[in-house]
Amino acid sequence: MTPTALITGATSGIGLAIATAFSKLNYRLILCGRRQERLDELQQTLSPDSACYTLNFDVRDRAAVETAIASLPADWKTIDMLINNAGNAHGMGPIHEGDVDDWDAMIDGNVKGLLYVTRAVSPGMVANGRGHIVNISSIAGKQTYANGGVYCASKAAVEALSEGMRLDLTQYGIKVTNVAPGAVETEFSLVRFKGDETRAAKIYEGFSPLTATDIADAVVYAVTAPPHVTIADMTILASAQSAATTIHRK
Ligand code: NDP
Ligand code: 8X3
């Protein structure tokens, strides 16, 4: 049977690349994000290969998450794969100067949003006795860096939640994969630096960063592993990157 995958943050970057890679496998796709025009465009682009359904919600809005998942038509309700990808960094700076609205956006989106979506989707997987949850964490969840403490904390929470989900859900035939990328060139830095294109571009200067497709390839590897294999944790770095803040630039 063709698997159905729900992908959060499908409108850009890593989520969009995962949607594209899954459509090449002819998976049925539930594409989620806040920018409806991008969801519509993606649905049109992918529809020759995949049946697509779009859901527009902010992962931070618990009621909106619950309503959106509950609104899925009967033939879209059985979700085989959940890709918890939606998230961003907002701002960068020392803790004593931190913008509390930015902190809220990161903790509410990257941590609580991921939980809301998982809480809405995972009971169906438990009832079916099968499923696969892929959480997009970060190298920032494994190594904390200066001026990024809150983003790093949000991703450290994702690391812990991947472990916790695996402990709770393995007995129901549900696999959990944690994917921790290093620097990937997407809209991530543009969002972090609030639209400052020059500052965002500097992050990827002097080396070849990962592409969103590199991460999608890893996710495809994890979700197509044989039934008896769980890819529990993958850290993926650009070859020029050796740690969260160590990048060998030319
Ligand atoms: P992008 O900014 O390109 O994409 C972020 C995606 O998340 C968008 O589709 C956006 O959709 C969605 N999103 C963000 N906030 C919300 C929200 N509150 N509600 C619903 N959707 C939301 O960045 P990336 O593709 O790089 O980021 C994807 C994931 O990868 C994130 O979790 C990020 O932390 C992680 N990551 C990124 C790395 C990088 O270097 N780029 C490295 C390691 C991890 P929309 O705006 O339409 O809602
Ligand atoms: C994104 C990678 O190093 O900018 O999670 O935090 S980093």
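**A nonpolar core and two ligand shells**

In this predicted model, the largest nonpolar core contains 68 residues, and those with the most contacts inside it are Ile7, Ala19, Leu29, Leu31, Ile215 and Val219. Helix α4 provides the largest share of this core, with 9 residues. Val219 gives a good view of how such a core is put together. Apart from its neighbours within four places in sequence, Val219 is in contact with Ile18, Ile83, Val134 and Val179.

It helps to step back and look at the whole chain. The fold is built from 8 helices and 9 strands. Along its principal axes, the C-alpha trace spans about 50 × 35 × 35 Å. A compact globule of 250 residues would have a radius of gyration near 18 Å, and the chain, at 17 Å, agrees with this. Of the 250 residues in the chain, 44% are buried. Contacts also reach far along the sequence: among those between residues at least 6 apart, 70% join residues at least 24 apart.

Helix α5 is a handy element to follow by eye. This helix covers residues 149–169, and because each of its 21 residues should add 1.5 Å, a span of 30 Å is expected; the C-alpha atoms at its ends are indeed 30 Å apart. The buried residues of α5 are Val150, Tyr151, Cys152, Ser154, Lys155, Val158, Leu161, Ser162 and Met165. In an α-helix there are 3.6 residues a turn, so residues three or four places apart point the same way. As for what lies against them, the buried residues of α5 pack against α4, β5 (131–136) and β6 (174–181).

Two single residues show how distant parts of the sequence can be compared in space. Glycine 15 belongs to helix α1. With 28 other C-beta atoms within 10 Å, glycine 15 is buried. Leaving out neighbours within four places in sequence, its contacts are Ile7, Thr8, Gly9, Ala10, Asn85 and Ala86. Glycine 15 and asparagine 84 are 69 residues apart along the chain, yet their C-alpha atoms are separated by 8.9 Å.

Leucine 237, by contrast, sits in the loop between β7 (233–236) and β8 (241–243). Leucine 237 has 20 other C-beta atoms within 10 Å and is therefore buried, as the cut-off is 20 or more. Beyond residues up to four places away in sequence, leucine 237 touches Ile139 and Gly182. From leucine 237 to asparagine 85 the separation is 152 residues in sequence and 17 Å in space, C-alpha to C-alpha.

The model also holds ligands, and the residues around them can be picked out one by one. Ligand 1 is surrounded by 30 residues, of which the closest are Gly9, Gly13, Gly33, Arg34 and Gly87. By class, this shell divides into 10 nonpolar, 14 polar and 6 charged residues. Helices α1 (13–24), α4 (100–128) and α6 (188–192) each supply at least two residues of the shell around ligand 1. Among these, α1 gives the most, with 3 residues. Helix α1 is also the home of glycine 15, described above.

Around ligand 2, the shell is made of Ser138, Ile139, Ala140, Gly148, Ala183 and Ala244. This shell has 4 nonpolar and 2 polar residues, with no charged ones. Ile139 may look familiar, being one of the residues that leucine 237 touches.

Methods: Residues are numbered from 1 along each chain as its sequence is written. Chains are lettered from A and ligands numbered from 1 in the order in which they are written. This is a predicted model: local features need pLDDT of at least 70, side-chain atom pairs count only at pLDDT 80 or more; totals for chains, interfaces and linings use all residues. A residue is near a molecule or strand if its C-beta atom, placed from the backbone, lies within 6 Å of it. Ala, Val, Leu, Ile, Met, Phe, Trp, Tyr, Cys and Pro count as nonpolar, Asp, Glu, Lys and Arg as charged, and the others, Gly among them, as polar. Helices (H or I, at least four residues) and strands (E, at least two) are DSSP runs, numbered from the N terminus. A nonpolar core is a set of buried Ala, Val, Leu, Ile, Met, Phe, Trp, Tyr and Cys residues joined through C-beta atoms within 7 Å. A residue is buried if 20 or more other C-beta atoms lie within 10 Å of its own, exposed if 12 or fewer, and partly exposed in between; C-beta atoms are placed from the backbone. Two residues are in contact if their C-beta atoms, placed from the backbone, lie within 7 Å. The expected span of a helix is 1.5 Å times one less than its number of residues. The radius of gyration is taken over C-alpha atoms; the globule rule is 2.2 Å times the number of residues to the power 0.38.
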